[in-house]
Amino acid sequence: MAGSPARRRLATVLFLDIVGSTALASRIGDRRWRDLLSRFHRLVRAEVRRHGGRAQDTAGDGVLATFSEPAQAIEAAAALIEAVHELGLDVRAGIHTGECEVIDGKLGGLTVVIGARVAAHADGGEVLVSGTVRDLVAGSGIDFEPRGMRELKGLGEWPVYAVASA
């Protein structure tokens, strides 16, 4: 008998990653790094909530948050890039929208993978989005710069855009 199908829901996923985290942790030591990471996570949770999203998961210096609307995720990412500078940090962000699988209360599936792969191409201080996100926010006043086709590991080439103004 096959297992029950996973529940699916539409979501915009935002991945955030601290740039140069390993070198910084090595330079400041475990205790200061742990304190800085704690402050970072508090700030991220507050900013994500302020923009209507929900922090779903953290893994070290990375964060996965979800939003019901892609413009909310873009605005949150732009605000977070500015806010973490107060902590002396630089982050990169990637955003994608699609149907996610809900497995044991956690999000999974290709939408999550695509969001993470888009984020991996971002430079510090940059918000990259998939072509899907760019298309969904047409008419919102958010401007983008094309970054061309990017190889998303295991997924082939996808169009990627940088947020120019949110």
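Visitor: Is I103 buried, partly exposed or exposed, and where does this residue lie?

Guide: In this predicted model, I103 lies in strand β4, and with a relative accessible area of 42% I103 is partly exposed, because that class takes in what falls between the 20% limit for buried and the 50% limit for exposed. The chain also brings I103 and R8 into one region of space, since their C-alpha atoms are 8.9 Å apart although the two residues are 95 residues apart in sequence.

Visitor: Which residue forms a salt bridge with R8?

Guide: The partner is E101, and the closest N and O atoms of this salt bridge are 3.6 Å apart. E101 lies in strand β4 (residues 91-103) and R8 in strand β1 (residues 7-18), so the salt bridge ties together parts that are 93 residues apart in sequence. Both side chains belong to the partly exposed class, E101 at 26% relative accessibility and R8 at 42%.

Visitor: How many salt bridges does a search of the whole structure find?

Guide: The search finds eight. One of them joins E126 to R147, with the closest N and O atoms 3.0 Å apart. E126 lies in the loop between α4 (110-120) and β6 (127-130), whereas R147 lies in strand β7 (residues 143-152), so this pair ties together parts that are 21 residues apart in sequence. On accessibility the two partners fall into separate classes, for E126 is buried at a relative accessible area of 13%, while R147 is partly exposed at 28%.

Visitor: Which other side chain meets R147 in a salt bridge?

Guide: The side chain of E145 does, with a distance of 3.2 Å from N to O, and E145 is partly exposed, with a relative accessible area of 39%. Shared partners can also link salt bridges into a network, and in this structure R8, E99 and E101 are joined in that way.

Visitor: How should I read the packing of helix α2 against helix α3?

Guide: Two packed helices are described by the angle between their axes and the distance between the axes. Here the axes of helix α2 (residues 30-50) and helix α3 (residues 70-83) come within 9 Å and cross at roughly 145°, and the crossing in which α2 passes α3 is right-handed.

Visitor: Which residues of α2 and α3 meet?

Guide: From α2 the contact takes in L43, V44, E47, V48 and R50, and from α3 it takes in A76, A79, L80 and A83. Sorted by class, the contact has seven nonpolar residues, two charged residues and no polar ones.

Visitor: What does H51, in the loop between α2 and β2, touch?

Guide: Leaving aside residues up to four places away in sequence, H51 touches F67, Q72, E75, A76 and A79. Of these, A76 and A79 also take part in the contact of α2 with α3. H51 counts as buried, at 14% relative accessibility.

Visitor: Where does V84 lie, and is it buried or exposed?

Guide: V84 lies in the loop between α3 and β4, and V84 is buried, with a relative accessible area of 0%. Apart from residues up to four places away in sequence, V84 touches F40, L43, L89 and V91, and among these L43 is also one of the α2 residues that meet α3. A separation along the chain should be read together with the distance in space, and for V84 and A23, which are 61 residues apart along the chain, the C-alpha atoms are separated by 17 Å.

Visitor: How far apart in space are R31 and A71, which are 40 residues apart in sequence?

Guide: Their C-alpha atoms are 36 Å apart. R31 has its place in helix α2, and R31 is exposed, with a relative accessible area of 62%.

Visitor: What joins the side chains of T66 and Q56?

Guide: A polar contact of 2.8 Å joins them. T66 has its place in strand β3 (residues 62-67), and at 5% relative accessibility T66 counts as buried. Beyond residues up to four places away in sequence, T66 touches R9, T12, V13, G53, R54, Q56 and L107, so Q56 appears both in this list and as the partner in the polar contact, whose cut-off is 3.5 Å.

Notes: Residues are numbered from 1 along each chain as its sequence is written. This is a predicted model: local features need pLDDT of at least 70, side-chain atom pairs count only at pLDDT 80 or more; totals for chains, interfaces and linings use all residues. Side-chain values use heavy atoms; hydrogens and water are left out. Axes are lines fitted to C-alpha atoms, for helices over the stretch in contact, and angles run from 0 to 180 degrees between N-to-C directions. Helices (H or I, at least four residues) and strands (E, at least two) are DSSP runs, numbered from the N terminus. A crossing is left-handed if the near helix is turned anticlockwise from the far one by less than a right angle, and right-handed if clockwise. Contact means heavy atoms within 4.5 Å. Ala, Val, Leu, Ile, Met, Phe, Trp, Tyr, Cys and Pro count as nonpolar, Asp, Glu, Lys and Arg as charged, and the others, Gly among them, as polar. A salt bridge is a side-chain nitrogen of Lys or Arg within 4 Å of a carboxyl oxygen of Asp or Glu. Buried means under 20% relative accessible area, exposed over 50%, partly exposed in between (1.4 Å probe, protein chains only). A polar contact is a pair of N or O atoms within 3.5 Å; within protein, one must be able to donate a hydrogen and the other to accept it, and residues adjacent in sequence count only if both atoms are side-chain atoms.
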